[in-house]
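Hi,

Here is the structure I promised to pass on. Have a look at it first, and then read on for what turned up.

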Amino acid sequence: MPLHIRTYHDLTEADRSGLGEQVGAQRRRVAERLAPVQRVVAVMSGKGGVGKSFVTAFLARALARAGRRVGALDADLNGPTLARLLDARGPLAVTAGAVEPVAGTDGVRCVSMAHVLEDGKPLAFKGPEGDAFIWRGALEAAALRELLGDVAWGALDVLLVDLPPGVGRLHELVDLLPKPPDVLTVTIPTRESADAVRRALHAARERGTRLLGVIENMAGPQFPGDAGDALAREFAIPLLARIPFSPQDAVWGELAARI
Amino acid sequence: MKFLCVECDRQMTFEERRLPGDGTLAAAFKCPSCGRVVAMLTNPMETRLVASLGVKIGGSTVGPEPLETIRANVTSGRPDAFTDDGQRTTEHAVTWSAEAQDRLSRVPTFVRGMVKKIYADYAKERGIDEITPAVMDTARAELGLEGM
């Protein structure tokens, strides 16, 4: 005689675990925390080493000096540098239900995994050896969710999110936020940088983000090429700034005025 | 997830959660008709995967602490990362036995404040005046505090 098996929804009594509800509550927590934030701007590049964190930090400072209330979230969990660039030193204060961001240079409110990790130590998680490839990605996504939703960002005009190279963290960010962020894209002038950044720009556009423009960093004879102009043309977005190796302060103020 | 007692055609009810060791998470369910109890056992990898999502099998009556998943899972955290001694909300309501304090002192500083607050909130919610190692064990199982 065949077993009479029913579906999950045939069983009408509550699911005690309510995993779906728990995940929903996590997302609501992020949405509620970011409700007073006027704008989330992700700083991305498909390529590493182009100066995303440098641009994020100096743009954040310029925006703050222009009177904006600015937060800076270091979403590069494995290579966090933003806290040092902003001279935002821990420890992190835990208050009622949230972690307070640290005030860095020019009053930029910053949280970074650098505040959490021991100096010089890589981001390491507890768990059974040998199968970390299964759960590490989920843990990093959860960490990003908590840095968005468990930090008392408060009322901000802009929250800059410094992404690591590639597009994986951008996808996570889009999934976690109540609406897609604006995106600033950083490249260096070279052709290979354009190749990588182009892929990231396509991904960002496909996810419904608003592309604010391209910033060409390290412009000058050291890195020949026209990646900034080429990408701006291709995606019909502005080239917001061309930043030399040793930029004058005025560069950042001009960039801030365009954001 | 839900469990069906096929013989009775009844949904089984959640009974309890345990952490019996070796990374196993056990959740017991009972048929309200015939009384049969089954235990779902996750292997350590499955337990880790669930914990990675920041969710708890069997649910939880205590709300999440700030950065709970990070603090409960990062092993390379700096001892002075957080300023939180876990006493603010409950220090007047709950006492800790010497054995419980000793056990708490072995929790890494990185996560100790959060763990202390979770246990204190658990005790307060249930009207427990003194936290002992037995209370800590029960709380770990009931709250699904894998690894804490």
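To start with chain B: what is the order of the strands in its open sheet, and in which sense do they pair? The order is S3-S4-S5, three strands with antiparallel pairing. Please keep in mind throughout that this is a predicted model.

**The sheet in chain B**

Strand S3 (13-21) and strand S5 (37-42) of chain B are the edge strands. Each has a single partner strand, so one side of each is left without a neighbour in the sheet. On average, neighbouring strands are turned by 25 degrees against each other, if direction is ignored.

Going through the pairs, S3(B) and S4(B) run antiparallel and are joined by 6 bridges. One place to find this pairing is B:Glu16, whose bridge partner in S4(B) is B:Ala28. The hairpin of S3(B) and S4(B) has 2 residues between the strands, and B:Asp22 takes a positive phi there, near 55 degrees.

On the other flank, strand S4 (residues 24-30) of chain B is joined to S5(B) by 6 bridges, again antiparallel. You can pick out B:Phe29 opposite B:Val38 of S5(B), and B:Ala26 opposite B:Leu41 of S5(B). The hairpin of S4(B) and S5(B) has 6 residues between the strands, with B:Gly35 at a positive phi near 80 degrees.

S4(B) also has two distinct faces: B:Leu25, B:Ala27 and B:Phe29 make up the covered one, while B:Thr24, B:Ala26, B:Ala28 and B:Lys30 lie on the uncovered one.

**Two helices that cross**

Next, have a look at helix H4 (residues 109-125) and helix H5 (residues 133-143) of chain B. Their axes come within 10 Å and cross at roughly 95 degrees. An angle of 65 to 115 degrees counts as roughly perpendicular, and H4(B) and H5(B) are therefore roughly perpendicular to each other. From H4(B), the contact is made by B:Ile118, B:Tyr119, B:Tyr122 and B:Ala123; from H5(B) come B:Val135, B:Met136, B:Ala139 and B:Leu143. By class, the residues of this contact are 8 nonpolar, no polar and no charged.

Is H4(B) enclosed or open to the outside? Of its 17 residues, 13 are buried, so H4(B) is largely enclosed by the rest of the structure. Its length works out too: at 1.5 Å a residue, the 17 residues should span 24 Å, and the end C-alpha atoms are 25 Å apart, which agrees. Just after H4(B), B:Gly127 has a positive phi of about 70 degrees.

**Where the chains meet**

Now for the contact of chain B with chain A, which takes 37 residues from chain B and 44 residues from chain A. On the chain B side, helix H1 (44-52), helix H2 (68-73) and strand S6 (82-83) each supply at least two residues. The largest share of that side is from H1(B), with 5 residues. By class, the side of chain B that touches chain A has 16 nonpolar, 14 polar and 7 charged residues.

There is strand pairing across the chains as well: strand S3 (residues 92-95) of chain A pairs with S6(B) in the parallel sense, over 2 bridges. If you want to find the spot, go to A:Leu92, whose bridge partner in S6(B) is B:Phe82.

Cheers

Methods
Residues numbered from 1 in each chain as written. Chains lettered and ligands numbered in written order. Predicted model: local features only at pLDDT ≥ 70, side-chain atom pairs only at ≥ 80, totals over all residues. Contact = placed C-beta atoms within 7 Å. Helix = DSSP H or I, 4+ residues; strand = E, 2+ residues; numbered from the N terminus. Nonpolar A, V, L, I, M, F, W, Y, C, P; charged D, E, K, R; others polar. Pairing = 2+ DSSP bridges. Axes fitted to C-alpha atoms, helices over the stretch in contact; angles between N-to-C directions. Parallel < 35°, antiparallel > 145°, perpendicular 65-115°, else oblique. Expected span 1.5 Å × (residues − 1). Buried ≥ 20, exposed ≤ 12 C-beta atoms within 10 Å, placed from the backbone.
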